[in-house]
Amino acid sequence: MSKLAVVMTPERAADVCSAETRELLEQRFEVTWAGDDLAPDVVAGLAAGSDVLLTSWGTPHLDKAIWADGNGPKVVAHAAGTVKKLIDPVILEQGVAVFSAGPRIAWSVGEYCLASMLTLARRLPQFDQALRAGGWKQSHLRGGELAGQSVGILGASSTARALITLLKPFGCDVVVYDPYLSDDRAAQLGVRTVELEEALRCRFISIHVPDVPETRGLVTRKLIEQLPDHAIVVNSSRGPAIDQQALLEHCLDGRLFAALDVYDPEPPKFGPDVLAASNLLLTPHVAGDTVEGHLALAGYVVGDVLRWLDDGVRGPSFVDPAVWSIAA
């Protein structure tokens, strides 16, 4: 029986491992569960002799020395998002199979983006604010619909693909800016590829790019100035992808609407004018954080690990070494 070490605290394990997943682990592996101490020597001890490491948020960086003798774990299954801070890419070159639950988190992020679009389109925060202040119907204010509107998506990441799926019932004209997205793949997704400027002419804009040098400052002040009046901007990816100050200025003057879950820097320090703006929806980097989503994470990667071990199948959570440089 293969050996699996759960390299996360008991508290985190309770967060990402459902009862069904725990049962599956005990059936298929000889399991060692970590305690609260995840010091480097403890992690190295858990890794020694293990075939699979199951990790999550709070797991420290896995030093490449764990694999120095060529006998390290053959699989790392990360019940969380990006693995770029967890491992060195050199271990991929040694044939270690790495899995990430990012695609499962993507669905939660997609729901957040859809909810943000609908909330801002219907002007719900503004109606809510008016009612709380003692008002009733606002004759100057009327919400709009998402159905049939143009949606510009920046980046064809897994979160973008989740949002594209969720948008299908709304019959939107969805366009995507991503230099790595082929026309054939776009057609499979039911979208069109466009240049950045065209994507930013849409009424709804959602940002889904990784934090790499090419995407930092992608949406400049000049581009923000060219956004159509009353456009709705959603950023659930990385704060540095957009000129945050310019976006906030255009929101404060009432021209744009925005839902921000990520910031530059984090956490942000906003003045009272930003905090009081009802055309800004501000959340603390929680787009991928749901009860159901978290409990599903370990099971999501473990299912793919078992398919890999049993049949050599690369499931959706498999981290492809070929796209490491552009991955989130």
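At 9% relative accessibility, R123 counts as buried in this predicted model, since the cut-off for that label is under 20%. The residue sits in the loop that runs between α5 and α6, the latter spanning 124-132. What makes the backbone at R123 worth a look is its phi, which is positive at about 60 degrees even though the residue is not a glycine. Most residues other than glycine have a negative phi.

H230 turns up with a similar backbone story: its phi is positive too, at about 70 degrees, and again glycine is not involved. This residue belongs to the loop between α10 (221-225) and β10 (232-235). As for cover, H230 comes out as partly exposed, because its relative accessibility is 43% and that class takes in whatever falls between the buried limit of under 20% and the exposed limit of over 50%.

Peptide bonds bring up the next oddity, given that most of them are trans. The bond joining D264 to P265 is cis, with omega at about 5 degrees. Another cis bond links E266 and P267, and here omega is about -10 degrees. P265 is placed in the loop between β11 (257-260) and α12 (272-276), and P267 is likewise found in the loop between β11 and α12.

Moving on to the helices, α7 covers residues 158-167 and is mostly tucked away, with 7 of its 10 residues buried. Going along the helix, the buried ones are T159, A160, A162, L163, I164, L166 and L167. Their packing partners include both helices and strands: on the helical side, the buried residues of α7 pack against α5 (102-121) and α8 (183-189). On the strand side, they pack against β6 (150-154), β7 (173-177) and β9 (204-207). Helix α5 thus appears twice in this account, as a packing partner of α7 and as one flank of the loop that holds R123.

Out on the surface, charge is the thing to look at. A patch of negative charge is formed there by E11, D36, D37 and D41. Of these, E11 is placed in helix α1, which takes up residues 10-16. E11 counts as exposed because its relative accessible area is 67%, and the label asks for over 50%. That puts E11 in another class from R123, which is buried at 9%, and from H230, which is partly exposed at 43%.

Technical notes:
Residues numbered from 1 in each chain as written. Predicted model: local features only at pLDDT ≥ 70, side-chain atom pairs only at ≥ 80, totals over all residues. Heavy atoms only, no water. Buried < 20%, exposed > 50% of the residue type's maximum accessible area, 1.4 Å probe, protein only. Helix = DSSP H or I, 4+ residues; strand = E, 2+ residues; numbered from the N terminus. Contact = heavy atoms within 4.5 Å. Patch = residues over 30% accessible without salt bridge, like charges linked within 9 Å, V, L, I, M, F, W, Y side chains within 5 Å. Areas by Shrake-Rupley, 256 points an atom, 1.4 Å probe, with all protein chains shown as cover. Salt bridge = Lys/Arg side-chain N within 4 Å of Asp/Glu carboxyl O. Lys, Arg positive; Asp, Glu negative; His and termini not counted. Charge placed at Lys NZ, Arg CZ, Asp CG, Glu CD.
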